[in-house]
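Got the viewer open? Let's walk through a few selections together, one stop at a time.

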Amino acid sequence: MGYRTVDEWEHFEFQDADIISIHRKNGHWYLELGYVTILPDNSCNRDIRKMGTNELTLQLQHVQIDCIVQEGYKRYDADGNFVESIDDVSVASQDYDQWMQDMAGGAVYEIIRKDSGSKELPFSYELYLDANERTYCVKLRAKHDVEEWERFMNRHSE
């Protein structure tokens, strides 16, 4: 990879990024994302404006998964009458690998990072992802986030 940052979370915008793939290896999560925005204050961005990249690997190191939840919803008919309510469903830990495969082709709605209050895993993450016409909330903790990408791209005017 051409560029690499560590714990520069606040210097990226992940919303609306495409999910190319998600996989885990040796306790780390790897999210291959398309069309991530790189902010002007990123240590690798020599430009003074928002830039993009067509493919970025977000590595979350030493991950501990708290939960993966398929979010529920309420359905209404065309007249606004309530039809049914679908509850949240937790993804079982033995199904995580299949869930990761199913996320390919989805999109990032939002990714939030907070301090966890722990020395071992200092960061707490909430990932809101859309795939297969469903929304998922992933809550996990990690030691570091590493962002790697090959090149910068110009972004369309906003």
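Before we start clicking: a residue is called buried under 20% relative accessible area and exposed over 50%, with partly exposed in between. Keep in mind that this is a predicted model.

Select Cys67 first. With 23% relative accessibility, Cys67 lands in the partly exposed class. Now show the sulfur atoms: which cysteine sulfur is closest to that of Cys67? Cys137 holds it, and the gap is 5.9 Å, too far for a bond, because a disulfide needs the two sulfurs within 2.5 Å. Searching the whole structure turns up zero disulfides. While you have cysteines on display, hop over to Cys44, which is buried at a relative accessible area of 16%.

Next, pick Leu121. You'll find Leu121 in the loop between strand 12 (107-115) and strand 13 (123-131). Is Leu121 buried or exposed? Leu121 is buried, at 12% relative accessibility. Show what surrounds it: beyond the neighbours within four places in sequence, Leu121 contacts His62, Gln64, Ser116, Arg141, Ala142 and Lys143. Try a distance label on Ala142: its C-alpha sits 4.9 Å from that of Leu121, although 21 residues separate the two along the chain.

Last stop, a sheet. Colour strands 2, 5 and 6: they make an open, antiparallel sheet in the order 2-5-6. Strand 2 (12-13) and strand 6 (51-53) are the edges, each with a single partner strand, so each has one side without a neighbour in the sheet. Zoom in on strand 5 (residues 36-38), which is joined to strand 6 by three bridges in an antiparallel run. To see across that pairing, select Ile38 and look opposite, where Met51 of strand 6 stands.

Notes. Residues numbered from 1 in each chain as written. Predicted model: local features only at pLDDT ≥ 70, side-chain atom pairs only at ≥ 80, totals over all residues. Heavy atoms only, no water. Buried < 20%, exposed > 50% of the residue type's maximum accessible area, 1.4 Å probe, protein only. Helix = DSSP H or I, 4+ residues; strand = E, 2+ residues; numbered from the N terminus. Contact = heavy atoms within 4.5 Å. Pairing = 2+ DSSP bridges.
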